[in-house]
Amino acid sequence: MLTREENDRLTQVGAGTPMGETMRRYWLPIATSDQLPHPDCAPLRSMLLGEPFVVFRNTDGEVGVLDEFCMHRRVSLALGRVEDNGIRCLYHGWKFAVDGTIQETPNHCNEKFRQRLKAPAFPVREAGGLIWTYIGPKEKQPPFQHYLFMEGPNENRVALRVDTAANYLQLWEGGTDSSHVGILHHDHVAIAKNKDEEFDLGVMAVEDHAPVLDIVDTEYGYHYAAKRRGPVDENGDESFSVRVTPVIFPTGRIIPAPNTFQYFLFEVPQNDHVTSTYIVCHGQKKADRHGVKAILGLNDERFWREEDCLFRASWEVNRMNQDRHRMNTSFAGFSGIEQEDAVLAVSMGPIVDRTKEHMVPADRAVVHLRARLLESIRRVEEGGDPIGLRVEDFSGVHSLIDTTVRKNESWQRLLPGNMELLNAAE
């Protein structure tokens with residue numbers, strides 16, 4: 001159980017807050033590439049850590065991230081015209097390049113004035129179907145980090161964004177909570193028994209809802225093994241079904257699916273009360289966008305639509321869209337992993353009061369997440385780097401689908417890439 005002060009330190013992400021200053025030290029996703037589908041398309045208005053930005057793709061296909069509001073009279077550039085390799089404010093026609101260079105000021109024909117000023121612009125990288133930016137101190141900009149899903153052909157990857165009305169931490173904690181998988185996502189466990197679902201990250205080998213957790217700190221955060229009781233073999237030896245989830249700071253995790261697919265998830269705060277969940281399904285063969293959306297429950301437009309990425313379930317409008325008539329055949333009355341996770345996060349309220357929780361041993365990975373985040377904040381407050389900031393290559397870090405190991409057998413040997421990033425000093 002956290003104190004109220006600790007809860008505030010973990011959940012508040014605006015400028016000047018402990019977690020806000022910590023998260024600003026990393027590169028973070030701000031949009032998907034699909035949200036800017038072609039050069040000179042409509043600009044995108046996007047929030048990140050409580051700050052408003054405009055994201056646009058210029059005539060040459062380059063992406064810019066600028067302060068949303070025009071530096072002249074503070075009109076939103078998200079209403080602007082994207083043309084001739086820049087974005088033009090509708091109010092007085094000021095036009096800006098992706099790097100903030102002022103290209104035109106029609107109501108002030110002074111070239112020296114334009115050369116003296118620049119609009120607030122932020123570093124950008126486009127990789128793995130996502131658009132990333134860095135909004136922290138310029139002098140502390142870290143190296144851009146490489147993930148496995150940035151490799152291979154685009155057809156092997158599906159990248160989605162889900163904007164949910166809940167604080168980032170309760171969504172991320174759900175992703176580090178293995179004991180809920182076979183309960184909340186019970187329907188997917190049942191499906192897996194009957195047919196192969198190659199994109200289903202809810203597949204489980206055994207139905208043990210109280211896994212024993214092994215937790216190992218790494219340079220990027222930690223990873224944990226959820227060990228569920230398996231069958232006794234012919235020699236009478238006990239076995240475990242082991243699933244391993246890497247937790248990657250500041251907002252990420254990797255979850256396995258069958259047939260070599262992995263899901264990379266990033267719970268990125270728009271502000272204290274809204275989170276953009278970026279989901280990337282990646283594997284060694286073509287990833288079916290329709291199939292991935294169906295597994296996630298994002299093929300139901302009552303909950304989510306590609307054009308705006310908003311998760312629509314709420315008590316006030318539609319009672320979370322729960323279908324209670326189906327609950328004799330469907331455990332939760334919902335359909336899909338992300339749909340179920342997001343609904344429950346919204347049901348908690350914008351920010352969970354963690355002083356009222358009653359934790360159990362199956363929650364150890366959640367408790368550890370909070371402890372590591374508080375440690376990361378402490379490092380920044382003491383003038384150091386947050387956890388994982390200097391790791392440049394995550395391509396060797398993998399999750400592990402349910403795998404049978406004997407009682408005394410080490411699961412760590414199955415993930416050599418994860419183990420290379422152990423840091424005993426932490």
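**A guided look at a sheet, two helices and two pockets**

Guide: Welcome! In this predicted model, 4 strands form an open sheet in the order 2-3-4-9, with antiparallel pairing.

Visitor: Why is one side of strand 2 and of strand 9 left without a neighbour in the sheet?

Guide: Strand 2 and strand 9 (121-122) stand at the edges and have a single partner strand each, so one side of each has no neighbour in the sheet.

Visitor: What holds strands of a sheet together as pairs?

Guide: Strands of a sheet pair through backbone hydrogen bonds, in either a parallel or an antiparallel way.

Visitor: How do you know that strand 3 and strand 4 count as a pair?

Guide: Two strands pair if there are at least two bridges between them. Strand 3 (residues 51-57) and strand 4 (residues 63-67) are joined by 5 bridges, so they meet that cut-off. The two run antiparallel, and V55 stands opposite V65 in strand 4.

Visitor: Why are helix 4 and helix 10 called oblique to each other?

Guide: Their axes cross at roughly 130 degrees and come within 9 Å. Angles over 145 degrees count as roughly antiparallel, 65 to 115 as roughly perpendicular, and under 35 as roughly parallel. The angle of roughly 130 degrees fits none of these ranges, and helix 4 and helix 10 are therefore oblique. The crossing of helix 4 past helix 10 is right-handed.

Visitor: Which elements give two or more residues to the lining of the largest pocket?

Guide: The largest pocket holds about 390 Å³ of space. Its lining has 22 residues, and Q170, E173, G174, D177 and M348 are the closest to its centre. Helix 4 (168-175), helix 9 (337-347) and helix 10 (364-381) each give two or more residues to this lining. The largest share, 5 residues, comes from helix 4.

Visitor: What makes up the lining of the largest pocket, in nonpolar, polar and charged residues?

Guide: That lining divides into 8 nonpolar, 5 polar and 9 charged residues. Glu and Asp count as charged, so E173 and D177 belong to the charged group. Gly counts as polar, so G174 is placed with the polar residues.

Visitor: And which residues lie nearest the centre of the second largest pocket?

Guide: Q35, L44, R45, D163 and D308 do, out of 14 lining residues. About 290 Å³ of space lies in this pocket. Strand 2 (44-48) and strand 12 (157-164) each supply at least two residues of its lining, and strand 2 gives the most, with 4 residues. The lining divides into 4 nonpolar, 3 polar and 7 charged residues.

Conventions
Residues are numbered from 1 along each chain as its sequence is written. This is a predicted model: local features need pLDDT of at least 70, side-chain atom pairs count only at pLDDT 80 or more; totals for chains, interfaces and linings use all residues. Side-chain values use heavy atoms; hydrogens and water are left out. On a 1 Å grid over the protein atoms alone, a cavity is a set of points where a 1.4 Å probe fits but cannot get out, and a pocket is an open set with protein on both sides within 12 Å along at least five of seven lines; lining residues have an atom within 4 Å of a point. Grid points are joined across faces, edges and corners, and a volume is the space filled by probe spheres set on the points. Axes are lines fitted to C-alpha atoms, for helices over the stretch in contact, and angles run from 0 to 180 degrees between N-to-C directions. A crossing is left-handed if the near helix is turned anticlockwise from the far one by less than a right angle, and right-handed if clockwise.
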